[in-house]
Amino acid sequence: MNARDAIRAAAKLGSVALRIKVGGVTFLAFIVFVVFVGIFSGGMSGEAAADSCGPRGTPGVDPDSGAGGSPGTASQTRQEQIDNAKIIDKVAADGGLSGDATLIGLMTALQESTLYNIRHGDRDSVGLFQQRPSQGWGTVDQIMQPTYAAGMFFFGAADGDPPGLVDIRGWERMDYGRAAQAVQRSAFPDLYAGQEDAARQVAAEAGIDLARPARDGTTPTRPNPGTDGSNGDDTCYPDDGQTGKPGDPFHDGEAGWPAEVRNPRSTEEAIKWARRQAVSGRSAWYRMCLAFVAQANGWNASGVPYAIDHYREMPPSMKHDGDRKPPPGALMYWDTGQRAGHVALYLGDGKIASNDIWRPGYIDVVPATEIESKWGAKYLGWAPPYFPKGS
């Protein structure tokens, strides 16, 4: 029996045992699960792609912040991520794979599901890796078993379709993000790389040895990451001087956008829409900062993978680096210490509409200074709501 067969056998055996053990409480567990998923839904569909909008050095909302909206404590929420990370690592280790494989698996699961075993997603995608039954990854019940899902990610189907990580020729020498994309074949291939720091932190908390060599003793040497963000890009954040100090209040500047700024919604309509999201109770915005501001202005998607890239690609004449007097309706940007950064919609009177700052997945109206004070992020500046690649 090879490693692939062993993993599948273990997953199948675990499935049978699990069905026997929990058969009497399936319905209750399902209800609890639905409530839980309702809190943390959002940020998983491929169409609205922009994530890593979290505190410096941590994935998304700080799991220890005690943010409201979860059915349990923040530590319990983080514990589920850690438990799932351990399962992913065990499947990789049992299959003789290196810590690099575990890291790639964690990065993928963080991007796809935020390391929660969710029963929803884009089209028919479900589970930790958002695998699709229609694409040969297994049945819904199978994919919802973390051990099975991880086994499919690493080892793929028996006939090699869909392929797993070990089926990707030269994966050991690829940048982590590109290796993940080779398995997932996502419409947004650049997003996996932005999860490396978050994956390393989860691994550290879970006691996972990412330096573990493969069973055959090999530890491949990977190429140095380029500046395209394929493995994270430490130089992607502008480092311009600020006109104010961190924590200084924000004040309204004069409105009036350049002629190039043409959005489906007017500035006034965008602000009203954002405020309605804050009171709607809709938890669809976890790690979706760029998607949120794009949709506020009437676009389905921004057309750019990361919030920080959206700021970098602004025409120089539209960027106001460090200026703390944005007009209402402006987009405000922060360096969160992660690849993607954060963007929020300025509402006026020093307030922004932002996802995740108080409650994971929800929009709240908060003082703009809270991105600095609560997340420890660096304010970069503001720009008009310009979406030249919006769709």
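**Entry 1: the sheet**

In which sense do strand β2 (residues 331-335) and β6 pair, and over how many bridges? I looked this up and found that they pair in the antiparallel sense over five bridges, where two strands count as paired if DSSP finds at least two bridges between them. Before going on I noted that this is a predicted model, in which local features need pLDDT of at least 70 and side-chain atom pairs count only at pLDDT 80 or more, while totals for chains, interfaces and linings use all residues. I also noted that residues are numbered from 1 along each chain as its sequence is written, and that side-chain values use heavy atoms, with hydrogens and water left out. Helices (H or I, at least four residues) and strands (E, at least two) are DSSP runs, numbered from the N terminus.

In the pairing of β2 with β6, I found Tyr379 as the bridge partner of Trp334. On strand β1 (residues 320-321), which runs antiparallel to β6 and is joined to it by two bridges, His320 stands opposite Trp382. I then followed the whole sheet, which is open and has six strands in the order β1-β6-β2-β3-β4-β5, with antiparallel pairing. Its edge strands are β1 and β5, each of which pairs on one side only. Further along, β3 and β4 are held in an antiparallel pairing by three bridges, and there I saw Tyr346 opposite Ile352 in β4.

Two helices pack on this sheet. I recorded that α10 touches β2, β3, β4 and β5 and that its direction makes about 40° with that of β3, an angle that runs from 0 to 180 degrees between N-to-C directions, with axes being lines fitted to C-alpha atoms, for helices over the stretch in contact. For α9, which touches β3, β4 and β5, the angle with β3 is about 110°.

**Entry 2: what is covered**

Why is strand β6 (residues 378-383) described as largely enclosed by the rest of the structure? I found that five of its six residues are buried, which means that the strand is largely enclosed; buried stands for under 20% relative accessible area, exposed for over 50%, and partly exposed for what lies in between (1.4 Å probe, protein chains only).

I looked at two helices in the same way. In α10 (residues 289-296), eight of its eight residues are buried, and these pack against α9 (267-280), α11 (307-312), β2, β3, β4 (351-355) and β5 (363-367). Just after α10 comes Gly298, with a positive phi of about 100°. Helix α6 is largely enclosed as well, because nine of its 10 residues are buried, including Tyr148, Met152 and Phe155. It is followed by Gly156, whose phi is positive, near 65°.

By contrast, I noted that Gly337, in the loop between β2 and β3 (342-348), counts as partly exposed at 27% relative accessibility. Its C-alpha atom is separated by 7.1 Å from that of Ala377, although the two are 40 residues apart along the chain.

**Entry 3: the nonpolar cores**

Which residues have the most contacts inside the largest nonpolar core? I found Ile88, Ile104, Leu115, Phe129, Phe154 and Leu165 in that role, in a core of 43 residues; such a core is a set of buried Ala, Val, Leu, Ile, Met, Phe, Trp, Tyr and Cys residues joined through side-chain atoms within 4.5 Å. The helices α3 (74-94), α4, α6 (146-155), α7 (176-184) and α8 (196-206) each supply at least two of its residues. Apart from it lies another core, of 35 residues, among them Ala278, Ala296, Val343 and Ala353.

I looked more closely at Phe129, which, leaving out residues up to four places away in sequence, touches a list of residues including Ile88, Thr108, Ala149 and Phe153; contact here means heavy atoms within 4.5 Å.

**Entry 4: one loop residue, then the whole chain**

I found Arg132 in the loop between α4 (99-113) and α5 (140-143). Its side chain makes a polar contact with that of Asp124 at 2.5 Å, a term for a pair of N or O atoms within 3.5 Å, where within protein one must be able to donate a hydrogen and the other to accept it, and residues adjacent in sequence count only if both atoms are side-chain atoms. Beyond its neighbours within four places in sequence, Arg132 also has Trp137 and Ile143 among its contacts.

Last, I noted that the protein chain has 12 helices and six strands, and that 54% of its 391 residues are buried.
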